[in-house]
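Student: I have a structure open in front of me and would like to learn how to read it. Could you walk me through some features?

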Amino acid sequence: MTCLVLLVVSRLMPQLTFIWYCFVRPLTGAKDQKARLDKFYEGQADVYDATRRGLLRGRKTMLNLCAGHIRTLRVNCPDKRLVWVDIGGGTGHNIELMDQFLPISSFDAVYLIDLCEPLLQVARKRFAIKGWTNVHILCQDASNFELPEWQVSSSVDPKGSVGFVTLSYSLSMIPNFYTLLDRIDYVLSPQEGLLGVVDFYTAGKNASLHEKAIGGESKECGWLSRWFWQIWFDFDNVHLSPARRSYLEYRFGTIKSYNGRNRFVLPFIVRMHDSLVIPYYIWLGRPRTADISKTCHAFEVEGGNTIGNCSPASSFNGAKENVTTLNMSPLELGSSIIEQQAESNAVIVNITPPLSSFHYQVNKPWRLPYYEHPVHKEFRTFVYSFTWEDPHVDVEHLELTQDDSMFVITSAGDNALHYAIAANPRRIHCVDMNPCQGHLLELKLAAIQSLDYSDFFALFGEGYHPNFRSLLDSKIAPHLSSSAYQFWRINLDAFITPSKPFYLRGYSGWALRLARLIFRMAGVEKDVERLCDSETLDEQVQIWQQKLRPVILNPIIVALMRNPVFCWNALGVPMNQRKMLLNEGHAYAYVRDTLDPLLSTYLLKTENYFYLLCLLGHYTHASCPAYLTPSGFDSLKSNEGNALNSFRLHTDSIHNVLRGLNSWSLTRVLIMDHLDWFKVNSESVDQEIAQLARVVASGGLVFWRSAAKQPWYNKVFERAGFHVEAVAIRKGSAVALDKVNMYASFWKAIKS
């Protein structure tokens, strides 16, 4: 019994220590804020960092993110003076941590501001050991902080003089937070300035779409969580009311936002009810300058993001933020003021809510702003981790040039990257209703921009990188939208679990995992490896015919192919397309006619990376998409990623995106098998093809694939003014149409 008690106490010691220091010790005898803080912390200053390590989550992540964004923001002004103000930094732990991500010597000056002398004593000792001469400690009230370099005798103007400010679990403790945030906004550099915050929070439900676009995913807290944690932390004068974060997100433009949950305190209880998990957030922002708004507005207009699921600024003719003007009676403030009024007697009051986080990215954006839509909840993750159409055949018929403007379905982005390598067209509009597919292509673009080839191939060739989290925060994140960063921050396991690498995830990963299970049960795992390592077609065909064909063409697999649930969740084949496929013949003949000609035509080891991936769960250097080859990667990355500038990522329906584009603005369109998803004679198809007829220039080309040999919607294209002709139609198992060979036909429409 004694041993059991000791074991429980040892497991709970960090939590008990935290509760004792933060909630049991009385705060009596302190009349003003400084005296209260000094008395509260004088007995625990030396153990403060040790007792808060598990409670104050997200500090390293916030600093790592900030370091990456600072490097990006200062690319064009590396010699500009860089000043960091850490407000409420206490023991200096944050400054010591930052040295891991961005050397303290990189800063011209670092100021630690705190009102608690016992904690500052710890900081002085820490910095003395480090020998940092550019780090200064100021015992001041944060809401009225002043830097020595702002003295009257100095030539430094406080306005815009600070490059970096952090608030690490201090915003919730500062009473005059409105004054503080206003002061930070005044002194922060309007172009290169960065504000980083990590703190506890609570938030209500029923946020508006715009608030969700700023605050990020999973921001909402249940009523029990809001009630419990606000009362709990109020005992320690830590204020978790939503007002602080709301004003922060109003005063500054959001760059990154991540909402996490900390299970450190009372772990055995909180795991019983998720409402009792402490909410915390990591937030990066910048001043809301007019130049940023103008740039983003122009980006949206050029990208056609003006109709459908877009930001409110998209529909404005001006280049300003969403501005509401109120006409008020003239204010009698004296003749000097009246004389300055321009022509009108009205005083205009501008109420300018911030734009979404998409508008304040520090790097050139690819993703066009969008709002969360109810349909997005149907996509829990990406459906396709790889693209299932052969881009080599596309390029043979596209006749691409650098002057072309393309419209493609995003999928996993592999083919869009292939087209960029092949011809570097002027514009590539990538469209997908599933935001997770956009997150995936964003990650690939950002990784090309920020990583070297070995790290990039580890991520998307092998599907595994043990240091993905570090790469995401320090290198990739500055190039991602806040939404994409949140998605990959939540789904870190996609790349850091060797037993379940990236390509075994998503809906398509179900099919690959099932194939592995079937091969294991059939005892042909070694034969799969031999097939993928075959040096000749004869050897490959022999292994296929004798070992694997009987396994894949067995009645169970054929029955699965007929099952609509499996077809959608594992293969991404919707109901209507499945009907078209079965109308062409039975499932056994379909599988046979798909695979037999492939294995006798293309060598998996060096040519057919589509099926190599399905069998192995990863690519190899000898067999992979063009963007994963050294030459393809270099082509995309060269000239500071100039080829990537053509990408525009839309998160909306194809119809809405087409409606937003200018007439005759597209020259090449690839809609894959998209129209197979609709019912026969669907009015939506008529509307979509009518929009294609409007936006495709004369002589422009539209390509599609179909599960039917003669898709019903070909006639709709002809009625809309296109000349339709077949590129290829499958005829039994004689010849493979391409390296995928899963479609019955491939079509081209020429705009008259």
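Tutor: Gladly! Keep in mind that this is a predicted model. Let us begin with one residue: Ser143 has a relative accessible area of 2%. Anything under 20% counts as buried, so Ser143 is buried.

Student: Where does Ser143 lie in the fold?

Tutor: Look at the loop that links β3 (135-139) with β4 (164-168); Ser143 sits there.

Student: Which residues does Ser143 touch, leaving out those up to four places away in sequence?

Tutor: Its contacts are Asn176, Thr179, Leu180 and Arg183. In addition, the side chain of Ser143 makes a polar contact of 3.1 Å with the side chain of Asp141.

Student: Now for a sheet. What is the order of the strands in the open sheet of seven strands?

Tutor: Read across, the order is β12-β11-β10-β13-β14-β16-β15, and the pairing is mixed. The edges are β12 (647-650) and β15 (722-729); each has a single partner strand, so one side of each lacks a neighbour in the sheet. On average, neighbouring strands here are turned by 15 degrees against each other, ignoring direction.

Student: How many bridges join β11 to β12?

Tutor: Four bridges connect β11 (residues 427-431) with β12, and these two strands run parallel. Within this pair, Val431 is opposite His650 of β12. A helix also packs on the sheet: α14 (residues 391-398) touches β10 (405-409), β13 (666-670), β14 (696-706), β15 and β16 (745-751). The direction of α14 makes about 155 degrees with that of β14.

Student: And how do I read the faces of a helix?

Tutor: An α-helix has 3.6 residues a turn, so residues three or four places apart point the same way. Try helix α29 (residues 630-641), where the buried residues are Gly632, Phe633, Leu636 and Gly641. Viewed down the axis of α29, these buried residues lie within an arc of 105 degrees, so they line one face of the helix.

Student: Which residues are exposed on the other side of α29?

Tutor: There you find Ser631 and Asn639 exposed. The buried residues of α29, for their part, pack against α15 (414-423), α16 (435-450) and α17 (453-460).

Student: Finally, how many disulfides does the structure hold?

Tutor: A disulfide is a covalent bond between the sulfur atoms of two cysteines. This structure holds zero disulfides. You can still look up some cysteines: Cys77 counts as buried at 14% relative accessibility, and Cys624 is buried with a relative accessible area of 9%.

Notes
Residues numbered from 1 in each chain as written. Predicted model: local features only at pLDDT ≥ 70, side-chain atom pairs only at ≥ 80, totals over all residues. Heavy atoms only, no water. Pairing = 2+ DSSP bridges. Axes fitted to C-alpha atoms, helices over the stretch in contact; angles between N-to-C directions. Contact = heavy atoms within 4.5 Å. Buried < 20%, exposed > 50% of the residue type's maximum accessible area, 1.4 Å probe, protein only. Arc of directions from axis to C-beta. Disulfide = S-S within 2.5 Å. Polar contact = N/O pair within 3.5 Å; in protein donor to acceptor, adjacent residues only side chain to side chain.
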